[in-house]
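Me: Got a minute to go through the ligand site with me? Let me pull the model up.

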Amino acid sequence: MFINREAELEWVREYARRSHATPFVIYGPEGCGKTALALEAVRRFSSWYAGGIALYIDGKARRAAEAVKSNVNIGDVLAEVGGLTGSVGMSAARLAVWLLGKIVEKIAERFAPMNILVVVDELFSAVGVGEGALAVKYAQELGDRVLRSKKAELGEIPKPLAEASVSYLIFSSEGSSRRELSRHNWAHVALMWNMGERGFQQLGEALGAPDFSAAWRLCGGNPRCLFQLAELDWDAEKFLTLIASSRRIGWVVAEVARRGFADVLREAVENPDVLAEPRGLELARFLENRNFVIELSPIVIGQAPRPDDELGVGRRYAWQTPALRDAVKMALEGRV
Ligand SMILES: Nc1ncnc2c1ncn2[C@@H]1O[C@H](COP(=O)(O)OP(=O)(O)OP(=O)(O)O)[C@@H](O)[C@H]1O
Ligand SMILES: [Mg+2]
């Protein structure tokens, strides 16, 4: 089941139209639907670009067979490139990332596609920001080098390689990745936000939500939040108690107080933009590292977040879901 997200899919489709010297890293709240979007783009790729090839690399994969997905059967390419179909000593994703350049080269030769889209999901969880940058740069440069050496060899660029456009897209849910990436110039960074009201309502209907506005008020368009709420038979109170416990909200609030930021936190539950002010900077980093809040970006793929006090969405910062903000508020008031 995949619902809505037409604007985001359109962004990916346009992105894949031509090669990009600088890849995009897409970051967004946990569970906002990044992986679902990436997989749907791979499924639709052949209908977008006849003969096009999309590759999805799962940074979390531990088994080689699960690390790479594609809209076409590339099993023998993977086997030829690096035994990716067998068992691997290092993390499957790490290997796949390092073999990207080779995989893309072989695909271009074998299938002669016009468009290749490579999506790496959770790149930074797999290899960290520094190594991730190196791997993507290496893949891109390998592509360039292959082109140049073929040109020298043959006096011209072989058709399949010359015509193929290759675009890399990287998805990340590490709260800190945006800050980390801002130190580098190898990638552009764009935000993907939670679902808009209409798409979220469709998802709610598909899951049998009895009260859409209550779900919206709690999840603010976050699909994972909605799935979790459904699992609890739409019991909002039980959901908040579970979040408070699994996200260690009591500890978080106590630690914030120990560091002397209790007052700023109290302000931030009402207005997250205080985190962009000088007195909020340290707290912002603390909450961001724990994926409680997220720094927004004016560069957004698809639907942009709309500032909304009730949902905890500001102009510069937002709570990843209203439920997280509510749980923090409850802890501040001594209710959990
Ligand atoms: N457009 C959609 N239609 C239907 N289900 C969706 C959609 N988007 C997300 N989901 C579902 O919501 C849940 C969370 O989505 P997903 O795993 O894609 O989020 P994510 O942003 O990749 O999360 P993380 O930050 O943890 O990697 C999954 O169960 C997914 O199947
Ligand atoms: Mg994901």
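Me: How many residues surround ligand 1, and which are the closest?
Reply: This is a predicted model, and in it 19 residues surround ligand 1. The closest are Ile3, Lys34, Thr35, Ala36 and Ser173.

Me: OK, and how does that shell divide into nonpolar, polar and charged?
Reply: You get 10 nonpolar residues, four polar and five charged.

Me: Which polar side-chain atom lies 2.8 Å from an oxygen atom of ligand 1?
Reply: That one belongs to Lys34. The backbone joins in too: a polar backbone atom of Gly33 is 3.0 Å from a ligand oxygen, and for a polar backbone atom of Ala36 the distance to a ligand oxygen is 2.8 Å.

Me: How much of the ligand's accessible area does the protein cover?
Reply: 83% of the 630 Å² that ligand 1 has on its own.

Me: Which elements give two or more residues to the shell?
Reply: Those are α2 (34-48) and α12 (223-231).

Me: Switching to the bigger picture, where does ligand 1 sit?
Reply: In the largest pocket.

Me: And why does it lie between the domains?
Reply: Because domain 1 (6-191) and domain 2 (206-332) both give residues to the shell around ligand 1.

Conventions
Residues are numbered from 1 along each chain as its sequence is written. Chains are lettered from A and ligands numbered from 1 in the order in which they are written. This is a predicted model: local features need pLDDT of at least 70, side-chain atom pairs count only at pLDDT 80 or more; totals for chains, interfaces and linings use all residues. Side-chain values use heavy atoms; hydrogens and water are left out. A residue is near a molecule or strand if one of its heavy atoms lies within 4 Å of it. A polar contact is a pair of N or O atoms within 3.5 Å; within protein, one must be able to donate a hydrogen and the other to accept it, and residues adjacent in sequence count only if both atoms are side-chain atoms. Accessible areas come from the Shrake-Rupley method with a 1.4 Å probe; for residues, only the protein chains shown count as cover. On a 1 Å grid over the protein atoms alone, a cavity is a set of points where a 1.4 Å probe fits but cannot get out, and a pocket is an open set with protein on both sides within 12 Å along at least five of seven lines; lining residues have an atom within 4 Å of a point. A molecule sits in a cavity or pocket if more than half of its atoms lie within 2 Å of its grid points. Helices (H or I, at least four residues) and strands (E, at least two) are DSSP runs, numbered from the N terminus. Ala, Val, Leu, Ile, Met, Phe, Trp, Tyr, Cys and Pro count as nonpolar, Asp, Glu, Lys and Arg as charged, and the others, Gly among them, as polar. Domain bounds come from an automatic or database domain assignment.
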